[in-house]
Amino acid sequence: MDEADLLGDRIAIMAGGELQCCGSSFFLKKKYGAGYHLVMDKSPQCDPEKVTTLLRKYISNIEVHSCIGSELTYLLAESQSYIFETMLRELEQHSYHLGINSYGISLTTLEEVFMKVGADHGQEEIYNAKSDEKELNGNAPTAVDIIEFKSPTPTTSSLVLLQNQITAMSLKKILSTMRSWVLLLIQIFMPVIFLAIAIVVARQQNNVGNLPALLLDTSTFDNPVTLVENSNGSSSYSETYRNIVGSAYEAVPSIEEEILNLTARTPVTVRRRYIGGLSISNISNKSQLIDGWPQLTTYFNNDPYHTPAITLGLTLNTMYRTVANCSECSMKFRNAPMPYLPETQAVVR
């Protein structure tokens, strides 16, 4: 019954194989219901007689419908709904002294409507049976008189049944759409309206500028780390590199061994923070010099964006400042997208 009450647009009740009533849930409750239920949660100190006396000030013929455990119930007629507000206000004011913890009013349930319709049909059958008995003048009907032989009801085949189900669902959808045609119009036209607004706004945006250039340095990363492998005699390069990268500087004996060890322990940290490194050869070892200059090897992590250009820029700035002996000199590297072609700007506009 709860499912029928919540989901059914029209509810039909049958009793004795006959249709007794049909209508919406609210209609059936109004027609066959007993009105409203005033349900109270009473404390052990509550006296139902005192509660009834208070309610009789507004409804003279009110009686206790049920008093089971801590629940006290009264039936209220629908015609008396105009005095509910005043009555409940006074009940609220005296609820503490009457021993009432809480209360509420609810409409007749659909299950009560079903029971009432079934009971009315049962009484009607009893009345009809007595009338038939009087008409027979004491002659009891025989089995031949009351048995009617009927042919079995033909069953519906699967294809016909499927067709009937599709037809029924289509009719239900059509009726539901006809009842809420405003919602149907909203579902159809609202997307079209929003699409038209978006097109108009996009057409009015005539300022199609080129994409800005991105400065390539370590500031684009969150807490980056750059490793430096420095051999003896090349401290000027390592100090210059330290001044350029700042807190991202970390000196290690061997970059390759350090990266392998860190990757084995915390691979996620290596991928996110360790963007690259610089290896500086020993200037005292002539085999590691190129035309008298130390050999600088740049390492980069290929997972983050732009790390090859950033680490190479750090190495070039280190060489530039060291050779030129200029701590303020620097080279800046940017990733500048190509400007839009006139044809592209015309299409966007």
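Here a colleague asks how some labels on this predicted model were reached, and the modeller answers.

Colleague: Let's start with Ser279. Why is Ser279 called buried?

Modeller: Its relative accessible area is 12%. Buried means under 20%, so Ser279 earns the label. The residue sits in strand β10.

Colleague: And which residues is Ser279 in contact with, leaving aside its neighbours within four places in sequence?

Modeller: Glu229, Ile255, Gln295, Leu296, Thr297 and Tyr299. To count, heavy atoms have to come within 4.5 Å.

Colleague: What sheet does β10 belong to?

Modeller: An open one of four strands, in the order β9-β8-β10-β13, and the pairing is mixed.

Colleague: What makes β9 and β13 the edges there?

Modeller: Each has a single partner strand, so one side of β9 (249-251) and one side of β13 (296-300) are left without a neighbour in the sheet. Neighbouring strands in this sheet are turned by 20° against each other on average, ignoring direction.

Colleague: How do you know that β8 and β9 really pair?

Modeller: Two strands pair if there are at least two bridges between them. Three bridges join β8 (residues 225-230) to β9, and the two run parallel. If you want a spot to look at, Thr226 stands opposite Tyr249 in β9.

Colleague: Which helix lies across that sheet?

Modeller: α10, residues 235-245, lies across β8, β9, β10 and β13. Its direction is at about 175° to β8.

Colleague: On to the other sheet. What is its strand order?

Modeller: β4-β5-β3-β6, again four strands in an open sheet, with antiparallel pairing. β4 and β6 (100-107) are called edge strands since each pairs on one side only. On average, neighbouring strands here are turned by 15° against each other, direction ignored.

Colleague: How many bridges join β3 to β6?

Modeller: Seven, between β3 (residues 36-42) and β6, which run antiparallel. Lys42 stands opposite Ile100 in β6. With a cut-off of at least two bridges, the seven joining β3 to β6 are enough to call them paired.

Colleague: What makes β4 and β5 a hairpin?

Modeller: Four bridges join β4 (residues 64-68) to β5 (residues 71-76), and they run antiparallel. Ser66 stands opposite Thr73 in β5. Between the two strands are two residues, and Gly69 in the turn has a positive phi of about 65°. Lying across this sheet's β3, β4, β5 and β6 is helix α3 (residues 48-55), at about 25° to β5.

Colleague: Now α9. How do you know that its length fits a helix?

Modeller: Set one number against the other: at 1.5 Å a residue, the 24 residues of α9 (residues 181-204) should span 34 Å, and the end C-alpha atoms are 35 Å apart, so the two agree.

Colleague: Where does α9 bend?

Modeller: At Phe189, by about 30°, and Pro191 follows within four residues.

Colleague: What does the UniProt record say about residues 181-202?

Modeller: An unreviewed UniProt entry annotates them as "transmembrane region". In the model, that span is 100% helix and 0% strand, with its end C-alpha atoms 32 Å apart.

Colleague: What about α13: how far does it reach?

Modeller: 25 Å from first C-alpha to last for its 18 residues (307-324), close to the 26 Å expected at 1.5 Å a residue. Its buried residues include Ile310, Leu314, Asn317 and Arg321. Among the elements covering the buried residues of α13 are β8, α10, β10 and β13.

Colleague: Why do the phi values of His306 and Asn325 get a mention?

Modeller: Because most residues other than glycine have a negative phi. His306 has a phi near 65°, and Asn325 has one near 55°. His306 lies in the loop between β13 and α13, while Asn325 comes just after α13, in the loop that leads to β14 (334-335).

Colleague: Are those two residues called buried or exposed?

Modeller: Asn325 has a relative accessible area of 70%, so it counts as exposed, the cut-off being over 50%. His306, at 30%, is partly exposed, since that label covers values between 20% and 50%.

Definitions and conventions. Residues are numbered from 1 along each chain as its sequence is written. This is a predicted model: local features need pLDDT of at least 70, side-chain atom pairs count only at pLDDT 80 or more; totals for chains, interfaces and linings use all residues. Side-chain values use heavy atoms; hydrogens and water are left out. Axes are lines fitted to C-alpha atoms, for helices over the stretch in contact, and angles run from 0 to 180 degrees between N-to-C directions. The expected span of a helix is 1.5 Å times one less than its number of residues. The bend at a residue is the angle between axes fitted to the seven residues ending there and the seven starting there. UniProt positions are given in the numbering used here, feature names are shortened, and annotations may be inferred rather than shown by experiment. Buried means under 20% relative accessible area, exposed over 50%, partly exposed in between (1.4 Å probe, protein chains only).
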